[in-house]
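Please open the structure in your viewer and keep the selection tool at hand. This tour goes from stop to stop, saying at each one what to select and what is found there.

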Amino acid sequence: MSENTKKLLTDLGANPNLVEKFKADPKKVMDQYDVPDDHQELINSGDKEGLIQEADLGEEHAQFIVV
């Protein structure tokens with residue numbers, strides 16, 4: 001499991017300011033959270049199911065994908 005990916009998605013669900021920063025520059029925010037490149041690709045493509053599988057996330061975390 002990628003704790004970094006999980007942390008980012010959890011924080012996005014709890015922090016509207018982070019959502020705005022993510023919308024403005026998703027790469028920068030994902031890099032700050034040290035999200036693995038393959039997870040960044042899944043987030044950018046909106047591949048919710050792939051992200052759940054690859055990052056071993058629950059549905060509750062993947063719902064915060066912002067594309």
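Begin by selecting V19, which sits in helix 2, the run of residues 16-24, and keep in mind that the model you are looking at is predicted. Is V19 buried or exposed? With a relative accessibility of 15%, V19 counts as buried, because buried means under 20% relative accessible area. Now add V29 to the selection and draw a distance between the two C-alpha atoms: V19 and V29 are 10 residues apart along the chain, and their C-alpha atoms are separated by 9.5 Å.

Next, select H39, which belongs to helix 4, made up of residues 37-45. The relative accessibility of H39 is 5%, so this residue also counts as buried. Which residues does H39 touch, if those up to four places away in sequence are not counted? Show S2, T5, L51, E54 and A55 together with H39, since these are the residues that H39 touches under that condition.

For the last stop, turn to the surface and select D37, D38, E41, D47, E49 and E54, which gather there in a patch of negative charge. Two elements, helix 4 and helix 5 (48-55), give two or more residues each to this negative patch, and the largest share, 3 residues, comes from helix 4. Finally, pick out E49, whose place is in helix 5; its relative accessible area is 53%, and E49 is therefore exposed, as the cut-off for exposed is over 50%.

Notes
Residues numbered from 1 in each chain as written. Predicted model: local features only at pLDDT ≥ 70, side-chain atom pairs only at ≥ 80, totals over all residues. Heavy atoms only, no water. Helix = DSSP H or I, 4+ residues; strand = E, 2+ residues; numbered from the N terminus. Buried < 20%, exposed > 50% of the residue type's maximum accessible area, 1.4 Å probe, protein only. Contact = heavy atoms within 4.5 Å. Patch = residues over 30% accessible without salt bridge, like charges linked within 9 Å, V, L, I, M, F, W, Y side chains within 5 Å. Areas by Shrake-Rupley, 256 points an atom, 1.4 Å probe, with all protein chains shown as cover. Salt bridge = Lys/Arg side-chain N within 4 Å of Asp/Glu carboxyl O. Lys, Arg positive; Asp, Glu negative; His and termini not counted. Charge placed at Lys NZ, Arg CZ, Asp CG, Glu CD.
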